[in-house]
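Biologist: I am new to this structure and would like a close look at a single part of it, the loop with the unusual backbone angles. Please take me through that part with care, and then show me what else can be said about the rest of the chain.

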Amino acid sequence: MQGETRGIPYMKGGFIIDKIKDSMGGENVNVTKGGNYCLYHLHSDFSNKKGLVDSVSKYNSYVEKAAECGMTAMAFSEHGNTYGWYQKKCAIEKAGMKYIHGIEMYITADLGEKIRDNYHCILLAKNHKGFLELNQLVTNSFDRKDNHFYHSPRISFGELFQTSDNILLTTACIGGVLGKGDETVQRQFIKFLKTNSHRCFLEVQHHLDEKQLIYNKSMLKLSEATGLRLIAGTDTHSLDGEGKKGRAILQKS
């Protein structure tokens with residue numbers, strides 16, 4: 001599966017279990033070994049919205065490929081929505097894998113003003129209670145009357161900070177709080193991560209983009225300073241080279 005990645009590290013349930021190299025600038029990070037890689041930061045064409053072509057790959061194609069690769073579980077993290085979750089769940093379970101309910105949520109520091117900060121954050125349901133909680137957050141995010149929806153469906157820092165232990169969180173990509181937030185916002189977010197370190201993870205991605213390499217190193221340093229665990233994601237937008245090419249063509253059209 002191609003998400004502008006090279007050499008995807010092995011993982012178990014999304015957690016790093018072997019080594020990450022190159023994306024840390026050539027450094028090795030040793031962690032627990034064993035298990036199977038699990039896709040959790042994954043986009044299909046359900047992530048497309050007005051003015052944005054995010055993927056041309058269909059969810060069922062991902063599921064077929066994941067099963068072919070021997071994966072045992074997977075999650076889709078569409079941008080700001082959980083569209084097609086039931087169909088995805090059925091397809092994943094039919095393929096003999098475990099379905100994980102997830103989303104790449106947009107987060108705003110304050111709903112009181114129409115500010116287009118819209119930080120990215122991956123949320124994953126740990127159990128059925130988490131599934132219901134995540135769905136309620138998504139419902140709230142589409143409310144246009146109270147500034148939840150502003151260019152994109154989103155929730156506030158306050159709502160994120162009030163989530164229960166039934167929701168797992170990763171810091172997502174360079175579009176997240178730790179990638180583009182100011183010092184005040186980052187300090188507030190890191191305090192939340194540290195308080196909830198049992199369910200929050202610093203995401204690194206195995207891409208060779210220069211900005212991503214720098215960001216990965218900053219996540220490693222933050223992990224060493226705070227004890228927060230690292231998690232490796234792919235931020236996959238294309239199934240293969242053909243899908244990547246198609247995405248690029250449509251983004252230019």
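Modeller: In this predicted model, Asn147 is placed in the loop between α3 (128-141) and β9 (155-156). Its backbone is worth a careful look, since Asn147 has a positive phi of about 75° although it is not a glycine. Most residues other than glycine have a negative phi. With a relative accessibility of 16%, Asn147 counts as buried, because the limit for that class is under 20%. His151 is also found in the loop between α3 and β9, and its phi, near 70°, is again a positive value in a residue other than glycine. His151 has a relative accessibility of 44%, so it counts as partly exposed. A further contact involves Phe149, where Arg144 lies over the face of the ring at 3.8 Å from the ring centre.

Another loop residue to look at is Thr82, which lies between β5 (73-75) and α2 (85-94). Thr82 is buried, with a relative accessible area of 13%, and, leaving aside residues up to four places away in sequence, it touches His101, Gly102, Ile103, Leu134, Asn135 and Val138.

From the loops we can turn to the aromatic rings, for which the count comes to 11 aromatic pairs. One of these joins Phe46 and Tyr59, whose centres are 6.2 Å apart with 35° between the planes, and this pair is tilted. Phe46 sits in the loop between β4 (29-30) and α1 (59-68), while Tyr59 belongs to helix α1, so that the pair links distant parts of the chain, 13 residues apart. Phe46 is partly exposed, with a relative accessible area of 26%. In the pair formed by Trp85 and Tyr86, the ring centres are 5.8 Å apart and the planes meet at 85°, so this pair is edge-to-face. Trp85 is partly exposed as well, with a relative accessible area of 27%. Elsewhere, ring pairs link Tyr119, Phe157, Phe161, Phe189 and Phe192 into a cluster.

The interior comes next. In soluble globular proteins, nonpolar side chains tend to be buried together. Here the largest nonpolar core has 31 residues, and those with the most contacts inside it are Leu123, Leu160, Leu169, Leu178 and Leu193. Helix α6 (residues 183-195) gives the most to this core, contributing five residues. Not counting residues up to four places away in sequence, Leu178 touches Thr171, Gln186, Phe189, Ile190, Leu193, Leu202, Tyr215, Met219 and Leu222. Apart from this core lies another, of 14 residues, among them Tyr59, Met71, Met97 and Leu239.

Among the residues that Leu178 touches are Tyr215, Met219 and Leu222, and these three are also listed among the buried residues of α7, together with Gln212, Leu213, Asn216, Leu220 and Ser223. Helix α7 (residues 210-226) has 17 residues, which should span 24 Å at 1.5 Å a residue, and its end C-alpha atoms are 25 Å apart, which agrees. At the start of α7, a side-chain oxygen of Asp209 reaches to within 3.1 Å of the backbone nitrogen of Lys211. Just after α7, Gly227 takes a positive phi of about 85°.

Notes
Residues are numbered from 1 along each chain as its sequence is written. This is a predicted model: local features need pLDDT of at least 70, side-chain atom pairs count only at pLDDT 80 or more; totals for chains, interfaces and linings use all residues. Side-chain values use heavy atoms; hydrogens and water are left out. Rings of Phe, Tyr and Trp (its six-membered ring) pair if their centres lie within 6.5 Å; planes under 30 degrees apart count as stacked, over 60 as edge-to-face and the rest as tilted. Helices (H or I, at least four residues) and strands (E, at least two) are DSSP runs, numbered from the N terminus. Buried means under 20% relative accessible area, exposed over 50%, partly exposed in between (1.4 Å probe, protein chains only). A charge sits over a ring if NZ of Lys or CZ of Arg is within 6 Å of the ring centre and within 35 degrees of the ring normal. A nonpolar core is a set of buried Ala, Val, Leu, Ile, Met, Phe, Trp, Tyr and Cys residues joined through side-chain atoms within 4.5 Å. Contact means heavy atoms within 4.5 Å. The expected span of a helix is 1.5 Å times one less than its number of residues. A polar contact is a pair of N or O atoms within 3.5 Å; within protein, one must be able to donate a hydrogen and the other to accept it, and residues adjacent in sequence count only if both atoms are side-chain atoms.
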